[in-house]
Each structure stands twice: as C-alpha cells, then as structure tokens.
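Here are my notes after a look through the model you sent over. Have the viewer open while you read, and jump to whichever point you like.

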Amino acid sequence: MNQAAQWEMFSRSFFLGSIWSFERMQGLGLAFTLAPWLREKYPDRGELIEALERHQGFFNANQAVSGVVIGVICALEEKIAQALPEERAEKISRMLSLKDALSRTLSAVADPLFLGVMRPFCMALALCAGFLAAMAVDLGSGAMLLSAGFYMVAYAAPSLWLRFNGIRRGYEWGENVVERLKPFSWQKLIRRLRLSGFALSVLFCLFLGAPFMTPDHWRESGPALAILAACFIARLFSVSTARIYGGLTVLGLLLAVGGRL
Amino acid sequence: MIELVLAAVVLSLLELDRRVVGIMISRPMVIGTVLGLAFGNIEVGAVIGVLIELMSFERVPLGADLASNDTIAAGSALLLALGPKTGAVPLSFALPLGIFAGWAFKRVEIRMGTARASYAREADRSLERGNEPSYDEYVRAGLTAQLIASAAFFSFIIFVARPFFSWGWHFTPHLIQKGLTFALATASILALATLMHALRPAKG
C-alpha cells in the first residue's frame, strides 16, 4: 500500500459514520471507504460488485481502531484478488470471519479505552493544566481556552495517530493481526489511565477546595463535601446525572421553603 | 439576533464532527469556550461547556445504544443563555433546558438512524442491477440531512424556545427559581463527582 492509498483510505474513514443506521451501522461507510481500493484491485466489474457486496453489510468499529480493521481488509482483499478462482471462496470466508471478529474485539477494547477512560482522563488533565497555568501566569480567559485546546489535542492526537498508522499496520499484519496485537496490555493501560485520571480529578478538587478547607469556611465546605459524596454514591448506583440534577433542584426548593436559602 | 443565527449555523456544522470527523471540535467544552469568547461572555460559555462535558462522562455510547447528544445540549444552552441580554434565558434555567434538548434530539437521531437504512436498500438494488452504488451521494445526503436536522433544531431553540422560556422565567414561582439557582450552584460538584465516578479505580 503506497502513501497515497493510505491517505485516501484515512480521509475516507472519517465518513464511516456518515450513513450510520441501526440496520448496518457503519456498513455503507466501510464500502465507501474501501471503494477506491477495491476498484483498483478488481478491474473486472462483476468481481468489483461482488467485493462491494461483501463490505456493505453490517460493520461497526470504534473510530480510533477502524484503521487497523480497514488495513487488514485491504491486505486480504488484495490476496483474494490475486488468488485462483477455486481458492477464492475459502479466502473470502476467512476474510469475513476475521473482519467480524477483529472489529468486535478491537472495539470491545477501544470503546472503554477511548470513550470510557481517555476522554475523562484528558478532561481531568486539561482542567488541572488550565488551573495551574492560571495560577502561574495571569491568563484571564486564556486559561479556559488553553484547557479546551489541551483537551481537544490530548484526545484527538493519539486517536488520529492510531487511525492513520493502523491502516498501514493492519495492511502489513494481514492475517497475523491477532498475533501482532497479543502483546499489547490494553487492560493494564486502561487501569493505569483510570488510576492517574482519578488522582488528577481528586487533585483538581483539592485545588478548587483548598481555600475553603479552613474552620472559618466549614459552613460552606462541609455541605459541599456532603453533596460531592452524595452525588458520587448516586452515580455508583447508576442514577443518571439528569436525575441527580433534578434532585438538587428539589433540594434547593426544599431549602428555600425552609428559609435556608 | 444575527449573531445567534450565525452561531447556530456554526454549531450545526460543528455538530457534524460527532458523526464524521471525530476530532473533538464538537465537544461541549470546546464549543462552550469558543462561543462564550465570541459572545464576549467566556465565563457563561465555559460553565455550560465544562458542566455538560463532565456530565456526559456518565455513559459510554456503544453500538446502537445512542447517548444523549451533548453537542446539541451545550449548543442549545449556549443559544439560550448567550447573546442579547433582553431575551436571554438565565443560566440556571438554560443549563437544564440544554440537557433536556440533548435528550430530545436523541429521539430525532433514533428516527434518522432508522431512516438511513433506506440508503442500504438502495445500494443493494444497485448491486443487484450490476451497478456500483453511488456511495458519495449517500454520504452527501446523510450529512445534509444531519445538518438540516440540527440547524432546524437550533432555529427552534432561537426563535421559539428562547423567547418562550425567557418570558416564562418571569412567571416561574420564586421557589422554583431558587431551586434551579441552587442546582446550578451545585452543578460543578455533580460534574466533578461524575468525572471521579468515570475514572474510579475498577475492581480486578
């Protein structure tokens, strides 16, 4: 796969979700992404139509790891195109099984990693960075912009890097992709990110709360800590934030009725 | 009003990032900060953006399980709270209304996700006839529909919801106003608890 093909596949992979549907999820988007590659590999119209049919069925993968799956499909489709007619059926069946298994397994790791942990981790990092920058230099509103920019880059950069390089890696690894991915300790990475993100969020709470952690401010900081604990416990019981917000509104209303506000 | 319409156009375009590009420019924290700066009220923009962003960590959208649209939530809250002082909705009211808007738009997205299956059937028919489906056209149509849906939703927020809730706020019982103000004051605590919960060290 040359660089031009990799770039074309990468740019088209952004549109994987553009025609997302409940029926086939990203299936049509995958066919759209692969179309130029398949056109090149199958000059015969009938074979091209068959190849497109193989890929516009059900497909769903996390955006960050979609590159690896696309790369593997490209490698296997290339082999199918070069195979003898009697070998094709078996190769096609193996490719479809691998595509299905790979997209499911990689997404099962990438969804909790990127959406479940990376996003909150980057947020905790961005909040701490913005807070520290604002303490060190008088940035004014620049601190918020810095935090927002940091958050965006910290998440998008590794995700895009993985998506772009995944295409080449997937293409090079082909059927050996499972063997090549085995050494990665995804769960360990998730655990470490969670732990450091949790520490950062506690640190951010301490930054915010430090000025109020004195006996003089106990009347304000005490209830705030109690609300924090109550919200955390409610989340442990899977109560949605919208419901907790509603609960806080009712609490405010009751306090107002009792003349405490 | 012109600036609100322009903001709605920009927000509708940025909303596409959720579906296609995925480089975080549609995240509440980013649009909140940028729009707040553009309207000369970065504090309100940042509060809306950061709070909705943190609250969005409560759930990981997986496969067909769509989460509430937090870009629409933040965009709606921003369009309600920012802009000309006359007609603006107080932040304590705009934030819960924005969260509700994000949930309401999820219903629209569910319908659109079902309707987009027609492209797949059209592509199947093309293949049956021996023609290559016009994927580019499907992509264009899919994105245009998404753009129109979010632009229509934001227009509703500007021209119907904003004047209605701005007017309605004055008639809202004082106690409810106090309750909403208290909820806004404590929203940052809820948001931090959601962040800590999302990152809590898991068992095993």
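The points below go through the overall form of chain A, then the salt bridges, the aromatic rings and a nonpolar surface patch.

1. Before anything else, keep in mind that this is a predicted model. Every value here is computed from it.

2. Let's start with chain A as a whole. It has 10 helices and 0 strands, so its pattern along the sequence is simply α-α-α-α-α-α-α-α-α-α. The radius of gyration is 25 Å, well over the 18 Å that the globule rule gives for 261 residues, so chain A is more spread out than a compact globule. Along the principal axes, its C-alpha atoms fill a box of roughly 85 × 40 × 35 Å. Of the 261 residues in chain A, 49% are buried.

3. On to the charges. Over all chains, the structure holds 22 salt bridges. One of them sits within a single helix: R104(A) pairs with D100(A), with the closest N and O atoms 3.0 Å apart. Both residues belong to helix α5 (residues 85–136) of chain A, and their spacing of 4 residues is about one turn of the helix. R104(A) is exposed, at 52% relative accessible area, while D100(A) comes out as partly exposed at 34%.

4. Which residue of chain A does E53(B) pair with? The partner is R119(A), and the closest N and O atoms are 3.5 Å apart. This salt bridge crosses between chains, going from helix α3 (residues 42–55) of chain B to helix α5 of chain A. Are the two ends buried or exposed? E53(B) is buried, with a relative accessibility of 0%, and R119(A) is buried too, with 6%. The pair is also part of something wider: R119(A), E15(B), R18(B), R27(B), E53(B) and D70(B) are linked in a network of salt bridges.

5. Chain B has a salt bridge worth pulling up as well. The side chains of E109(B) and R19(B) meet at 3.7 Å, N to O. E109(B) lies in helix α5 of chain B and R19(B) in helix α1 of chain B, so this pair ties together parts that are 90 residues apart in sequence. Both E109(B) and R19(B) are buried.

6. Now the rings. The count comes to 20 aromatic pairs over all chains. Take F105(B) and F153(B): their ring centres are 5.2 Å apart and their planes stand at 75°, so the pair is edge-to-face. The cut-off behind that label is an angle over 60 degrees. F105(B) is in helix α5 (residues 91–115) of chain B and F153(B) is in helix α7 (residues 135–171) of chain B, so the contact ties together parts that are 48 residues apart in sequence. F105(B) is buried, at 0% relative accessible area, and F153(B) also counts as buried, at 15%.

7. A second ring pair joins F164(B) and F165(B). With centres 5.1 Å apart and planes at 80°, these two rings are edge-to-face as well. What differs from the previous point is the setting: F164(B) is partly exposed at 49%, and F165(B) is partly exposed at 23%. Ring pairs also link F164(B) and F165(B) with F93(B), W167(B), W169(B) and F171(B) into a cluster.

8. Two spots in chain A put a charge over a ring. The charged end of R12(A) sits over the ring of F32(A), 4.2 Å from the ring centre. K41(A) lies over the face of W37(A), and there the figure is 4.5 Å from the ring centre.

9. Last, have a look at the surface of chain B. A nonpolar patch there is made up of M1(B), V5(B), V9(B), L13(B), F156(B), F159(B) and V160(B), with about 630 Å² of accessible area together. Helices α1 (2–19) and α7 of chain B are the elements that give two or more residues to the patch. V5(B), one of the patch residues, is found in helix α1 of chain B and is partly exposed, with a relative accessible area of 33%. How far apart in space are V5(B) and A161(B)? From C-alpha to C-alpha it is 14 Å, while in sequence V5(B) and A161(B) are 156 residues apart.

Notes:
Residues numbered from 1 in each chain as written. Chains lettered and ligands numbered in written order. Predicted model: local features only at pLDDT ≥ 70, side-chain atom pairs only at ≥ 80, totals over all residues. Heavy atoms only, no water. Phe/Tyr/Trp six-rings, centres within 6.5 Å; stacked < 30°, edge-to-face > 60°. Buried < 20%, exposed > 50% of the residue type's maximum accessible area, 1.4 Å probe, protein only. Lys NZ or Arg CZ within 6 Å of the ring centre and 35° of its normal. Patch = residues over 30% accessible without salt bridge, like charges linked within 9 Å, V, L, I, M, F, W, Y side chains within 5 Å. Areas by Shrake-Rupley, 256 points an atom, 1.4 Å probe, with all protein chains shown as cover. Salt bridge = Lys/Arg side-chain N within 4 Å of Asp/Glu carboxyl O. Rg over C-alpha atoms; globule rule 2.2 N^0.38 Å.
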